[in-house]
Amino acid sequence: MDVRMPGMDGIEATRRIAQSGTRSRVLVLTTFDLDEHAYDALRAGASGFLLKHVQPAELVVGIRAVAAGDAVISPGLTRKLIDTFSDRLRGHTPAEEGRLAALTEREREVLTAIASGLSNAEIAARLFVAETTVKSHVSRILTKIGVRDRVQAVIFVYDTGLVRPV
C-alpha cells in the first residue's frame, strides 16, 4: 500500500481493509519518511511500514513477515515514532484498563519485551523459557488486548502508558 494514491489515500484504504474483517494484512511501502504517515498507517491497522528505498531482499523479508502474521517497521522509523508521538501518550481508558487487567504478570513482562523490540527468541532467553512458550504468551496477549499483531500491541502499550519512551 502506498500512502499517497489517487482517489483514496493509503491510510484510509488500510483502515477499510483492516476493518473489513478479512485476514488480509497491509504493508505500507512509501517514499515519505514522515513519522506521522507511519503512525497513522499503523493506527489504521497496517502490519508494517517500509520505505521504498529498502533493499529488495529486505522487502521480501518484510512481505513474508507480514504475511505470516508478524509485523515490520523500517528500522530508522522505530525510534522516531516513539520520540515524535510520545506526547500522544495518555492514561488508561476503562476499556484499556480492563484489557490490561486481563493479562497475567508474565504476559505483561512479555508485552513489555515486545515493546522493547525483542524477538521471541530474545524474550525466551531473557525470561529463561522456551521460544514456543513465548509464542503461546504472544498469541494470548494479542487476543486479550484485542489487537492483530505485534505492531498493534506496541501501539497499545505506548497508548496506555504501560511503557514510556526513554
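Let me start with threonine 160, which sits in helix α9. Is threonine 160 buried or exposed? With a relative accessibility of 2%, against a cut-off of under 20% for buried, threonine 160 counts as buried. Its side chain has a partner, too: a polar atom there lies 3.1 Å from the backbone oxygen of valine 157. Before I go on, please keep in mind that we are looking at a predicted model.

Now, let's step back to the whole chain. There are nine helices and three strands. Reading from the N terminus, the order is α-β-α-β-α-β-α-α-α-α-α-α. Of the 166 residues, 42% count as buried. The chain exposes about 8800 Å², and carbon and sulfur atoms supply 55% of that area. As for contacts with a separation of 6 or more, 62% are between residues 24 or more positions apart.

On to the interior. How many residues does the largest nonpolar core have? The answer is 22, and the ones with the most contacts inside this core are Val110, Leu111, Ile123 and Ile145. The elements giving two or more residues to it are α6, α7, α8 and α9. Another core, of 14 residues, lies apart from this one, with Ala41, Ala44, Phe49 and Val151 among its members. As a general reminder, nonpolar side chains in soluble globular proteins tend to be buried together.

Take isoleucine 145 from the largest core. If we leave aside neighbours within four places in sequence, isoleucine 145 is in contact with Arg99, Leu103, Leu111, Ala153 and Phe156.

Leu111 brings us to helix α6, residues 105–115, where the buried residues are Glu107, Val110, Leu111, Ala113, Ile114 and Ala115. What covers these buried residues of α6? The cover includes α7 (120–127), α8 (131–145) and α9 (150–160). Glutamate 109 is also in α6, but at 35% relative accessibility it counts as partly exposed. Its C-alpha is 9.9 Å from that of histidine 137, and the two residues are 28 apart along the chain. Just after α6 comes glycine 117, with a positive phi of about 90°.

Let's move to the other end of the chain and helix α1, residues 10–19. Its buried residues are Gly10, Ile11, Ala13 and Thr14. Looking down the axis of α1, these residues fall within an arc of 160°, so they line one face of the helix. At the start of α1, a side-chain oxygen of aspartate 9 comes to within 2.8 Å of the backbone nitrogen of isoleucine 11. After the helix we meet glycine 21, again with a positive phi, near 85°.

A little further on, arginine 23 is in the loop between α1 and β1 (27–30). Arginine 23 is exposed, since its relative accessible area of 81% is over the 50% cut-off. In space, arginine 23 and glycine 69 are 9.4 Å apart, C-alpha to C-alpha, with their positions 46 residues apart in sequence.

I'll finish with aspartate 2, in the segment before α1. An unreviewed UniProt entry places the feature "modified residue: 4-aspartylphosphate" at Asp2. Which residues is aspartate 2 in contact with, leaving aside its neighbours within four places in sequence? They are Gly10, Leu29, Thr30 and Lys52. Of these, Gly10 is one of the buried residues of α1 we just met. Thanks, everyone!

Definitions and conventions. Residues are numbered from 1 along each chain as its sequence is written. This is a predicted model: local features need pLDDT of at least 70, side-chain atom pairs count only at pLDDT 80 or more; totals for chains, interfaces and linings use all residues. Side-chain values use heavy atoms; hydrogens and water are left out. Buried means under 20% relative accessible area, exposed over 50%, partly exposed in between (1.4 Å probe, protein chains only). Helices (H or I, at least four residues) and strands (E, at least two) are DSSP runs, numbered from the N terminus. The arc is that of the directions from the helix axis to the C-beta atoms. A polar contact is a pair of N or O atoms within 3.5 Å; within protein, one must be able to donate a hydrogen and the other to accept it, and residues adjacent in sequence count only if both atoms are side-chain atoms. Contact means heavy atoms within 4.5 Å. A nonpolar core is a set of buried Ala, Val, Leu, Ile, Met, Phe, Trp, Tyr and Cys residues joined through side-chain atoms within 4.5 Å. UniProt positions are given in the numbering used here, feature names are shortened, and annotations may be inferred rather than shown by experiment. Accessible areas come from the Shrake-Rupley method with a 1.4 Å probe; for residues, only the protein chains shown count as cover.
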